[in-house]
Structures are given as structure tokens and as C-alpha cells.
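Here's a quick briefing to read with the model open beside you. Have a look at the fold, then work through the notes below.

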Amino acid sequence: MSFRFYEAQMSGNVPSWSRASLAAGGWRNRSHALDGTGPGGVNLDLSGGWYDAGDHLKLHLPLGVSVSLLAYGALTWEAAYRTAGQWDTAVRNLNWVASYIAKCHTQASDTPASNKFVAQIGDVATDHNTWWGRPEQQPENGAQGSAGYRPVWLITYANGKGADIVAEAVASLASVSLLLKRAGAYSNTTKAAAFLNRAKQLFEFAKTLNSGVWAPPEGLNAYPSSSWNDDMAWAAAWLCRADVDAGASAATSSACGVAVSYWKPFVGNPGVYQDVNWDRMAGMAAVLLRDVAAGTATDVATYNTAISNMMKRWMIPATQTCISGSALPCYTPGGLAYRDGWGSNRHAANAALVALAAARGDAGAGLEVAYSTRVNRNCWARSQIDYMLGSNPQSQSYVVGYKPTSSHKAPEKPHHRSSSCDASYATPCNWAALDNAGPNPSVLRGALVGGPDRYDVYADNRRDYVKNEVAVDFNAGYTGALAALAGLDAAITKAGCTWTTYCSMSCTVVDAGAVPSPSPPSPAPSPVPPSPKPPSPVPPSPKPPAPSPPSPSPKPSPTPSTSPKPSPSPSPSPSPSPSPSPSPSPVTSTCSSSDWACAACSNSWVLDQNTCRTCVSTLRAKGLDAGKCTNSCSGIATAGLQTVCFGTCVPNAAAKGVDWACNQYCGATLMVGTDPARSQQCGTCILGASNPWDCTNCITVTSSLSDAATARASCMSCLTATTIGGYACGECNKLATATARSACQTCVAGGKGVWDCTQASAGRRLLRA
Ligand SMILES: [Ca+2]
């Protein structure tokens with residue numbers, strides 16, 4: 001079902017086989033067919049590909065990461081895909097999207113410096129922040145500043161940056177070429193060879209991009225990338241795998257030698273490979289090189305060490321709970337390994353993918369992994385994916401359209417434009433759809449939404465793009481993990497075991513989930529004798545995981561937030577507490593220490609513990625979720641802003657369900673600096689505004705004005721004093737003078753369009769009557 005999500009993300013000429021297409025009874029149709037042409041274009045047809053998330057941007061860093069991870073899952077668990085009847089579906093979709101990636105290689109050449117590759121199509125400011133509606137009805141070919149502006153950003157030798165994105169294209173094209181070589185309805189060896197050739201050209205091109213990561217010249221970056229050597233290692237590992245697939249020796253292949261050289265700088269640096277996500281792919285390079293057994297025995301040992309380190313970081317002891325303030329990752333009360341609030345599920349799903357890959361008995365270099373270790377990895381991965389599928393305290397499935405039982409809940413209001421619109425194109429769709437009551441009219445089947453916070457708190461709120469958006473990278477590792485677990489499930493059943501007996505090691509499953517192995521596994525391992533070794537419990541990691549490196553900013557937002565999210569990673573920060581009394585005084589505590597939400601106020605990151613406790617007792621008295629206090633204020637760096645968060649923002653905003661904005665907006669230094677008064681102003685605004693985004697928009701659009709404070713206050717006042725809406729309030733109040741702002745608001749209220757009114761109020765003549 002996971003590929004159904006990708007079929008709903010299709011751009012360009014949506015094929016009739018897409019299960020989300022109008023032709024198949026869905027709601028999607030041809031969209032953005034003019035990408036690549038028009039203002040900001042490059043005079044080439046660049047239609048196609050997948051939209052990134054709940055918006056209509058095409059972003060090629062997360063796209064390449066997603067395609068290559070999906071291809072890894074399909075190749076690695078090919079047997080499970082075939083058994084489930086999903087092989088052809090996977091290959092068809094990945095072939096479709098890889099064909100788009102090949103189109104983005106707009107100038108292919110064997111001369112490295114002559115290549116060009118498209119980094120991104122679409123513009124965060126004009127597309128994503130101002131448009132809510134169907135992609136099919138979004139204007140096209142518009143000039144900068146209009147909703148139809150679709151710039152194409154190119155990576156060139158002259159610019160010298162973008163090795164990260166180009167390397168992910170290499171990984172995608174090389175991995176999909178391997179899928180196309182295999183038997184199936186969409187097998188195509190000619191195309192496989194063409195993709196591999198493109199991948200090699202692009203890899204040579206990427207080597208020339210010595211200045212590093214790419215960022216859009218305009219400044220608004222949805223995925224601020226921090227590293228490219230990891231992407232190069234992943235790309236090189238795929239070229240090695242392709243070489244081995246064609247018959248080369250993994251020990252002597254020159255492509256594998258190159259791959260090992262890109263991997264080596266990571267050896268001994270777990271901090272930069274232990275998490276796998278769109279910004280960090282070195283860990284996956286180690287996994288893939290281990291599968292292939294690339295290089296010498298010494299090299300192989302480094303992959304195994306790396307994987308062990310990754311597993312130590314993620315398969316933490318049960319005592320490492322978020323509630324106790326443990327370092328990240330920590331377990332939520334329901335058992336999700338939580339690393340970051342933005343798309344918490346995808347981080348755990350990626351770790352599950354690594355665990356499952358590293359638990360196989362058939363991997364080239366993995367045979368020495370002890371049986372008990374393999375079982376523990378498999379069972380840990382299952383616990384994580386099971387959580388996402390509904391095994392959690394809320395009985396909440398995080399997959400749209402999937403409920404394990406009728407008493408479970410599934411997300412019905414994902415933050416996703418096209419599915420939030422009425423299925424009939426005749427019904428207008430705009431920002432109002434964001435707040436429509438009831439489920440999205442179209443069901444975005446198979447999409448894994450962001451996920452809960454560290455206390456398992458989640459609400460199915462379309463506005464909450466932190467917990468309830470979808471993205472192509474969210475589903476990527478998860479899809480491979482599902483296939484692996486399906487394979488394991490079959491092997492466990494076949495062996496006469498259950499997950500319980502398998503995980504407790506009282507029932508042995510030989511090579512559970514293995515790809516058909518050249519050496520025939522014992523054909524009928526039914527009642528296998530119990531493992532000779534006593535089931536050793538998973539070795540507790542002797543030392544706490546190394547401190548996480550600066551967390552790659554999570555899925556950046558999307559929506560209306562115009563700026564990359566300040567990383568809210570609530571690391572138990574050593575920032576000096578201004579409070580003179582380090583000992584929390586129980587005298588002013590107003591909640592019970594046996595109350596877990598109250599106890600959470602004793603976490604070291606809580607700088608104003610008494611106000612936190614007051615917050616808890618206030619919410620308890622109102623019958624609201626008291627966990628919101630620490631949850632919605634975590635990650636706020638200064639005591640002054642925390643006090644506002646605990647003291648007024650969350651207590652007031654919780655009932656309205658917008659307490660998350662106390663953190664994301666009113667506690668963000670990017671928005672309010674470190675000024676408690678501005679934080680307070682923001683907190684008041686989100687209470688009055690129909691949409692918290694309107695408040696952050698007011699802050700953003702007025703920030704560069706000479707009278708920013710006045711304009712900001714005027715904008716926020718507009719939100720409650722007028723009915724012209726947050727977008728218009730922002731556009732009017734970014735005008736230069738108070739007179740112009742007021743005239744603009746009156747103009748919009750009189751029925752004219754925002755654009756006309758901003759022109760008129762700026763002192764220019766109306767361009768349209
Ligand atoms: Ca990277």
C-alpha cells in the first residue's frame with residue numbers, strides 16, 4: 001500500500017496506472033506539465049517526478065534519498081516483494097520516477113564539467129507559502145511573484161556546489177538500473193544500462209563540485225543540507241554494487257575501491273553516520289558496502305563496527321525513556337525510539353530499516369553476526385514499525401487508510417494539499433480547505449504521517465505539519481522495512497514459530513526473511529531444535545551513545561513557515577541556568593511529584609521549573625493534557641522565553657489545540673529573538689488568530705521594515721480586527737507606511753484582490769480596474 005502514496009505524489013502526466021489518478025477512480029490528473037519552460041525555466045520539458053510533501057515543490061535532495069532507499073528495500077527484500085505481489089508495482093514506480101531524474105540531468109556528457117543537473121523546481125516563497133489548492137489548478141508559467149512561478153535551479157560546474165544532490169541522483173539511477181535488470185513485467189535491460197551510464201557521468205560530475213552542498217540562491221531552503229561526503233559515499237557504494245552485480249569481484253573492483261575510499265573518512269566517527277535521514281546517508285553506505293563485502297577484510301570489519309554503533313544508538317535499553325529526560329533517542333511511553341519531533345516516525349523507520357538489513361543471514365559480510373543479535377535486531381525493528389501501525393497507547397495508526405482493527409484510529413486529515421481538496425475540480429479549493437472539518441475528501445492511502453512527540457502525543461490536525469504532514473522521505477525507509485517484516489513473518493510462520501516465541505528465542509527460525517540464497521537453506525526447517533546457546537539478552541550498550549551531532553534540521557517545513565525551523569532539539573543543554581537556586585523548591589510546586597507530567601518539569605532542560613509545574617496544574621485543572629507543558633515548551637533555549645511558554649502561552653493555547661505554536665513560533669528565536677515581550681505578543685496573537693501561521697507570517701513579512709515593531713503590531717491587530725484573512729493582513733502590512741497599510745486593508749475589505757490593493761496602496765495606479 002505504501003506505493004499508493006507515491007502514486008498520489010506524481011507530477012506531470014499522471015499515468016492511468018496510478019491508483020490515485022482520475023482514470024483509476026482517484027483524484028489526481030495532469031499537473032505542472034509546463035515545468036522547465038516559462039519564466040525561470042530552462043526551455044526543457046521537466047514535467048514529471050514526485051511532489052515532495054504536502055506541497056508541490058520538486059526537491060531533488062530528499063527525492064534522490066527516497067528513491068535510492070526505496071530501491072535498496074526492493075533489491076534487498078526482493079523475495080518478499082515478489083511473494084507479496086509488489087515487485088512489479090515497485091519497479092514500475094521507481095522506473096517512472098528515475099526517468100524523471102534522468103530528465104533532470106539536462107546536459108549529459110562524459111566530460112565531467114559539461115554536465116548539468118536540476119536541483120529543485122518550484123519556489124518556497126511563491127509556491128509553497130502562498131498556494132493551497134490542487135496542483136492541477138495551480139497557475140503555470142507565471143512570472144516571479146505570482147503563484148505560477150516555477151523556477152528551475154541548476155547545478156553547474158561553474159557554480160561548484162551540489163555534490164549532495166547530484167550524488168543522490170547517482171544512487172537513484174544506479175539502484176533503479178539494478179531493479180530493471182531483474183525479471184519482471186517492467187524489466188528493461190536497455191534502460192538499465194542507460195541509467196547506469198547516466199549515474200557514472202553524474203558521479204564524475206559530482207566530484208568536480210568541490211564547494212559542497214547546494215542551497216537555493218533565493219535563500220528559502222526547505223531542506224538545508226549540511227553534508228555531501230555522505231551522499232558521495234552512498235553513490236559510490238551503489239556503483240560498486242552495480243559493478244559486482246555485473247560480475248566484478250567486490251574485493252578487486254575499482255568501483256568498489258572508490259567506494260571504500262569515500263567511506264573511510266567516516267570510520268571512527270559514529271556521530272556522523274549513526275542516524276540515517278535525508279541529510280545523513282553515510283550509515284546506509286556502510287550497510288550497502290557490507291552487503292557487497294567491498295574491499296578487504298579490514299574494510300568489511302569497519303562496516304560491521306559502524307552498524308553495531310548505529311544499533312547501539314537506536315536499540316537503547318528500555319530504561320532510556322523520554323519522560324525521564326534521557327538523551328535522544330529515547331523511548332516514548334509507548335515505545336517509539338524518538339529522535340526528533342519533526343517526522344518522528346521516519347527517523348525510527350530508517351533505523352528499523354538498518355536493523356533489518358543488518359539482521360540478515362544472507363548478506364555477504366553479515367554471516368558472522370550472531371543469531372541472537374539478528375533476532376534482537378529484527379524484533380526491535382518490528383516493535384518500531386508496529387508502533388507506527390497502531391501498537392501504541394492511543395491505538396493510533398500513523399498510516400493514512402490503514403487500521404489494524406476497527407477500534408484503531410488512522411490519520412484522516414494529513415497536511416496535504418491535493419487530498420484536502422474536494423474530489424470535484426469544480427469545487428474551489430484554497431486555504432479554507434486547510435481548516436475544513438472532517439477528513440480529507442480524498443484518502444491519501446499508504447502515507448506515513450510525521451508522528452507523535454516524545455510523550456506519544458499526537459492529534460490528527462491538518463494544520464500540524466510537524467506531526468501530520470507526509471513526505472516522500474517519510475515513506476522510504478519504512479517501505480523497505482515493511483517488506484522485510486513481511487518476509488520474516490512468512491518465515492516465522494513456516495517454521496512453526498510465532499513472533500513471541502521467535503523474539504524470546506524459544507523457537508528458532510533459520511535465515512528468517514532471507515533473499516533466496518544460492519546455497520539452499522534447509523528446505524523444511526519446521527521444528528528446529530532450540531538454539532544451543534541460551535538466549536542472551538540484547539547486550540546493553542556499555543556506554544551512553546555519543547552525543548548527537550548538530551541534528552540535521554528535520555523535515556523543514558513546509559508550510560507557511562518561511563524559514564527553516566530552528567532546530568528544536570531539546571538537548572539537555574548546558575546553558576547556564578539564570579536561576580540562582582538550582583534546587584527546585586518544592587514549596588511553590590503546585591503539582592504532585594507522582595504526576596508524570598509534573599515530574600517531567602524536573603528535566604534538566606527546564607530552566608523555569610516552578611512555572612512548568614504551575615502549567616501542569618493549570619492544565620490538569622482544565623482537564624487538558626498536562627504533558628503539553630513540557631512537550632510544547634521543549635527546545636526553547638532561553639529561560640525568559642520558556643517562562644512565557646509555561647506561564648501563559650501553553651496554558652492559554654492548549655484548549656484551542658495550538659500550543660505547538662508556542663514552541664514553533666513564539667519560542668523560536670528566529671521569530672521573537674530572545675525577547676519575552678515579543679514572545680508574549682506572539683502568544684496573544686495565536687490565541688486570537690484563526691490560524692497560528694498568520695502570526696508568524698506577520699512577524700516574517702514585517703521583519704525587514706524600518707518600523708518593524710509597529711508594522712508587526714498592525715498586522716497582528718488586522719488578524720482580529722478585520723475579516724480579510726491572514727495572507728492579506730500580511731501583504732498589506734508589509735507596505736512601507738501606516739497609511740498605506742490601512743488603505744490596503746480597507747481596499748481588500750472592499751472586495752478587491754490583495755495584489756491590486758497592495759499596488760494601489762503603494763501609490764501606484766491599479767493595473768486592473
Ligand atoms: Ca548529506
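Leaving aside residues up to four places away in sequence, Asp231 touches Leu61, Asp164, Ala167, Glu168 and Met281. Bear in mind that this is a predicted model. Asp231 is also one of the residues that supply protein donors to the calcium ion, so two topics meet at this residue.

**Around Asp231**

- Asp231 sits in helix α8, which runs over residues 229-245.
- Its relative accessible area is just 1%, and because the cut-off for buried is under 20%, Asp231 counts as buried.
- Val65 is 166 residues away from Asp231 along the chain, yet their C-alpha atoms are separated by 8.6 Å.

**The calcium ion**

- The protein donors are Ser227 through both O and OG, Asp230 through two OD atoms, Asp231 through OD, and Asp279 through O.
- These donors lie 2.4 to 2.7 Å from the calcium ion.
- Along the sequence, the donor residues follow the spacing S-x2-D-D-x47-D.
- What is the geometry of the site of the calcium ion? It's irregular, with angles of 52 to 167° among the six donor atoms.
- For reference, ideal angles for six octahedral donors are 90 or 180 degrees.
- Asp230 is buried, just as Asp231 is.

**Helix α6**

- Helix α6 covers residues 163-181, 19 residues in all.
- From first C-alpha to last, α6 reaches 27 Å, close to the 27 Å expected at 1.5 Å a residue.
- Most of α6 is covered, with 18 of its 19 residues buried.

**The annotated active site**

- An unreviewed UniProt entry lists His415, Asp460 and Glu469 under "active site".
- Those residues are spread over 55 residues of sequence but cluster in space, with a largest C-alpha distance of 10.0 Å.
- His415 is in the loop between α14 (371-388) and α15 (417-420).
- Is His415 buried or exposed? His415 counts as buried because its relative accessibility is 1%.
- The His415 side chain reaches the backbone oxygen of Arg462 at 2.8 Å.
- Glu469 belongs to the loop between α15 and α16 (474-494).
- Glu469 has 1% relative accessibility, so Glu469 counts as buried.
- A polar atom of the Glu469 side chain lies 2.9 Å from the backbone nitrogen of Gly54.

Key. Residues numbered from 1 in each chain as written. Predicted model: local features only at pLDDT ≥ 70, side-chain atom pairs only at ≥ 80, totals over all residues. Heavy atoms only, no water. Donors = N, O, S within 2.8 Å, 3.2 Å for Na, K, Ca; no water. Tetrahedral: all angles 85-135°; square planar, octahedral: opposite > 155°, others 65-115°. Buried < 20%, exposed > 50% of the residue type's maximum accessible area, 1.4 Å probe, protein only. UniProt positions renumbered as here; feature names shortened; annotations may be inferred. Helix = DSSP H or I, 4+ residues; strand = E, 2+ residues; numbered from the N terminus. Polar contact = N/O pair within 3.5 Å; in protein donor to acceptor, adjacent residues only side chain to side chain. Expected span 1.5 Å × (residues − 1). Contact = heavy atoms within 4.5 Å.
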